Amino acid sequence: MAFILNACTEDVNFSQADDLEVEPTLASSIFYFESTEEVINLAGSGAFYTEDFTFEAFSEAFVADRILDGVITYQLENSTSKQIDLEIEFLDANGNTIDSEFFSIQPEPAPITEIQVAYGDGGKSLDILRNTRTIRVNGSNLGDDTSISSQPEPKIILRSSAAFTVKLQ
């Protein structure tokens with residue numbers, strides 16, 4: 001009994017890897033801010049919060065040179081009895097404001113609001129992100145300092161996250 005094996009093979013072309021373009025999307029939270037209505041009332045009307053967050057996502061040239069685009073998502077929630085203004089400032093290494101976002105949040109019962117800001121093609125300049133070293137969050141109470149929300153544990157919450165596409169080669 002004889003068996004005949006027949007197989008077809010192609011030469012492997014290892015140079016195909018040179019043509020491969022890998023562009024993963026990297027996602028991360030940036031900062032989280034929360035303040036209770038009690039704290040806001042203690043501060044009175046006007047500014048009640050200022051905080052600087054270090055932002056070094058693009059401080060390495062390898063990353064900064066390969067970013068293609070991105071989106072920063074802000075999620076705002078207000079269960080207080082106050083209208084709140086929030087400003088997010090993007091600061092360079094010298095502390096200069098190179099961009100900012102401004103949000104005015106109505107008092108409760110305000111719905112949770114999500115805002116996306118694009119960078120790169122069709123959005124803001126990627127140079128804003130490349131040059132940002134600090135993000136400053138400022139909060140202002142446009143209401144009074146005595147009212148109390150009917151909601152349990154009233155507070156203002158600001159969440160932020162980012163998703164960036166980078167080219168690996």
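The lining of the largest pocket divides by class into 10 nonpolar and 3 polar residues, with no charged residues. This is a predicted model, and the pocket holds about 210 Å³ of space. The protein chain has 169 residues, 34% of which count as buried. The chain contains 3 helices and 8 strands.

**Largest pocket**

- The lining of the largest pocket is made up of 13 residues.
- S28, A57, F58, A162 and F164 are the lining residues that lie nearest the centre of the pocket.
- Strand β1 gives the most to this lining, namely 5 residues.
- Both β1 and β8 (155-166) supply at least two residues each.

**Chain layout**

- In sequence order, the elements of the protein chain run β-α-β-α-β-β-β-β-α-β-β.
- Among contacts in the protein chain with a separation of 6 or more, 82% are between residues 24 or more positions apart.

**Aromatic pairs**

- The model has 4 aromatic pairs, counted by ring centres that lie within 6.5 Å.
- F33 and Y49 have ring centres 4.1 Å apart and planes at 40 degrees, so this pair is tilted.
- The F33 and Y49 pair links distant parts of the chain, with F33 in strand β1 (residues 25-36) and Y49 in strand β2 (residues 46-54), 16 residues apart.
- F33 counts as buried because its relative accessibility is 1%, which is under the 20% cut-off.
- The rings of Y74 and F103 have centres 5.2 Å apart, and their planes stand at 55 degrees, so this pair is tilted.
- The Y74 and F103 pair also links distant parts of the chain: Y74 belongs to strand β3 (residues 67-78) and F103 to strand β5 (residues 97-105), 29 residues apart.
- Y74 has 0% relative accessibility and therefore counts as buried.
- F103 is buried, as its relative accessible area is 6%.
- Ring pairs join F33, F48 and Y49 into a cluster.

**N141 in strand β7**

- N141 is found in strand β7, which covers residues 134-141.
- With a relative accessible area of 2%, N141 is buried.
- The N141 side chain reaches two backbone atoms: the oxygen of G44 at 3.3 Å and the nitrogen of G143 at 2.6 Å.
- Leaving aside neighbours within four places in sequence, N141 is in contact with I40, G44, S45, G46, F48, K82, Q83 and I84.
- One of these contact residues, F48, is also part of the aromatic cluster with F33 and Y49.

**S140 in strand β7**

- S140 is found in strand β7, as is N141.
- S140 counts as partly exposed because its relative accessibility is 24%, a value that falls between the cut-offs of 20% for buried and 50% for exposed.
- Leaving aside neighbours within four places in sequence, S140 is in contact with G46, A47, F48, Q83, I84 and D85.
- G46, F48, Q83 and I84 appear among the contacts of S140 and also among those of N141.
- S140 and T50 are 90 residues apart in sequence, while their C-alpha atoms are 9.2 Å apart in space.

Methods
Residues are numbered from 1 along each chain as its sequence is written. This is a predicted model: local features need pLDDT of at least 70, side-chain atom pairs count only at pLDDT 80 or more; totals for chains, interfaces and linings use all residues. Side-chain values use heavy atoms; hydrogens and water are left out. Rings of Phe, Tyr and Trp (its six-membered ring) pair if their centres lie within 6.5 Å; planes under 30 degrees apart count as stacked, over 60 as edge-to-face and the rest as tilted. Helices (H or I, at least four residues) and strands (E, at least two) are DSSP runs, numbered from the N terminus. Buried means under 20% relative accessible area, exposed over 50%, partly exposed in between (1.4 Å probe, protein chains only). On a 1 Å grid over the protein atoms alone, a cavity is a set of points where a 1.4 Å probe fits but cannot get out, and a pocket is an open set with protein on both sides within 12 Å along at least five of seven lines; lining residues have an atom within 4 Å of a point. Grid points are joined across faces, edges and corners, and a volume is the space filled by probe spheres set on the points. Ala, Val, Leu, Ile, Met, Phe, Trp, Tyr, Cys and Pro count as nonpolar, Asp, Glu, Lys and Arg as charged, and the others, Gly among them, as polar. A polar contact is a pair of N or O atoms within 3.5 Å; within protein, one must be able to donate a hydrogen and the other to accept it, and residues adjacent in sequence count only if both atoms are side-chain atoms. Contact means heavy atoms within 4.5 Å.
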